[in-house]
Amino acid sequence: MDRCIIAVDKSGSYRVYIAVTTELVRTARDIHGATNLAAAALGRTLTAAGMMGLMLKGEGDRLTLQIKGDGPALQVLASADSAGSVKGYIADPSVELPNRADGHLDVGGAIGKGSLTVIKDIGLKEPYIGKIDLVSGEIAEDLTQYYAVSEQTPSSVALGVRFDRQSEITAAGGMIVQVLPDASDEAIAKLEDTLFLMDSFTLLIEDAEGDPDRLMELVFGKLPEEFRPEKLDERELRWHCGCSRGRMEKALISIGTKDLGELIEQDHGAEITCQFCRKQYRFSEEDLKALLREAVNG
Ligand code: ZN
């Protein structure tokens with residue numbers, strides 16, 4: 001089971017969400033048959049959404065993180081709830097590009113120019129929606145910008161997915177560091193130095209061997225004692241879709257009687273694939289006729 005640690009430094013200057021998400025990202029990769037590049041983009045997005053979902057307070061609160069660009073990946077979307085369930089998809093899981101000059105996967109190139117949207121459904125009449133232009137399409141940088149612009153919260157976001165030579169995912173994880181309102185200048189200066197001098201976050205995740213406590217130690221261990229984060233809480237993150245035949249029936253009813261009638265007359269049935277988990281739902285002509293009766297009767 002993947003875990004996320006929530007911690008605050010002893011001076012109360014900053015908060016940390018730090019997670020190892022290797023299982024979550026492997027599961028998503030298997031479901032979508034993603035290339036390394038697509039798995040990196042999807043894995044980063046799922047990891048971020050998972051941590052951001054845990055920041056929501058209410059039971060049933062849900063967060064959606066959507067990254068849309070003019071690159072070949074087109075769109076990456078992840079959705080997570082406050083209980084640590086995460087799901088997501090990438091529009092083109094077969095996307096491939098040459099590596100960047102520094103040898104890294106070109107996630108920014110796969111995404112291209114576009115926008116990042118965060119939708120928080122927290123039980124109000126209208127969801128909260130924050131949207132920014134992408135900075136680099138590398139996702140972590142874009143989220144740092146989102147927090148600065150849309151939420152006025154100085155933050156630092158790091159995300160990583162690591163592969164071995166056989167293209168197996170060896171480690172995945174992420175970190176969101178947020179400055180708290182009464183932060184001390186000294187703590188923030190020390191924190192900034194630490195993050196600036198940090199080794200590659202992706203390598204640190206691998207060194208942590210699946211243990212977020214170890215990852216936190218690797219990132220923050222060199223800080224003076226009084227500015228090191230202390231664990232407040234630990235939560236689980238897991239892949240969970242939650243789709244069902246009942247939900248697909250509702251979706252079919254919602255397309256309206258005209259379109260349902262066409263599915264019956266022309267296609268004599270329907271097959272719907274869940275975009276998140278790829279599960280297929282088949283509806284026979286008889287099934288559709290029953291749904292049409294339901295739609296007509298409201
Ligand atoms: Zn599903």
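Which residues lie nearest the centre of the largest pocket? In this predicted model, the residues in question are R44, H104, L159, S200 and T202, which belong to a lining of 29 residues. The space within the largest pocket amounts to about 830 Å³. Two or more lining residues come from each of the elements α2 (36-54), α4 (140-150), β8 (155-163) and α6 (201-207). Of the contributing elements, β8 gives the most, with eight residues. Sorted by class, the lining of the largest pocket comprises 13 nonpolar, nine polar and seven charged residues.

A zinc ion is bound by cysteine sulfur atoms. Its protein donors are the SG atoms of C241, C243, C274 and C277, at 2.2 to 2.3 Å from the metal. Along the chain, the donors of the zinc ion are arranged with the spacing C-x1-C-x30-C-x2-C. The angles subtended by the four donor atoms around the zinc ion run from 102 to 116°, and the arrangement is therefore tetrahedral, since all of these angles fall between the limits of 85 and 135 degrees.

The burial of individual cysteines was also examined. Among the zinc donors, C241 and C243 are both buried. The relative accessible area of C241 is 11%, so this residue counts as buried, the cut-off being under 20%. C4 has a relative accessibility of 0% and therefore counts as buried by that criterion. The structure contains zero disulfides.

Key. Residues are numbered from 1 along each chain as its sequence is written. This is a predicted model: local features need pLDDT of at least 70, side-chain atom pairs count only at pLDDT 80 or more; totals for chains, interfaces and linings use all residues. Side-chain values use heavy atoms; hydrogens and water are left out. On a 1 Å grid over the protein atoms alone, a cavity is a set of points where a 1.4 Å probe fits but cannot get out, and a pocket is an open set with protein on both sides within 12 Å along at least five of seven lines; lining residues have an atom within 4 Å of a point. Grid points are joined across faces, edges and corners, and a volume is the space filled by probe spheres set on the points. Helices (H or I, at least four residues) and strands (E, at least two) are DSSP runs, numbered from the N terminus. Ala, Val, Leu, Ile, Met, Phe, Trp, Tyr, Cys and Pro count as nonpolar, Asp, Glu, Lys and Arg as charged, and the others, Gly among them, as polar. A disulfide is a pair of cysteine sulfur atoms within 2.5 Å. Buried means under 20% relative accessible area, exposed over 50%, partly exposed in between (1.4 Å probe, protein chains only). Donors are N, O and S atoms within 2.8 Å of the metal (3.2 Å for Na, K and Ca); water is not among the atoms, so sites may look incomplete. Four donors count as tetrahedral if all angles lie between 85 and 135 degrees; four count as square planar and six as octahedral if opposite donors are over 155 degrees apart and all others between 65 and 115; anything else is irregular.
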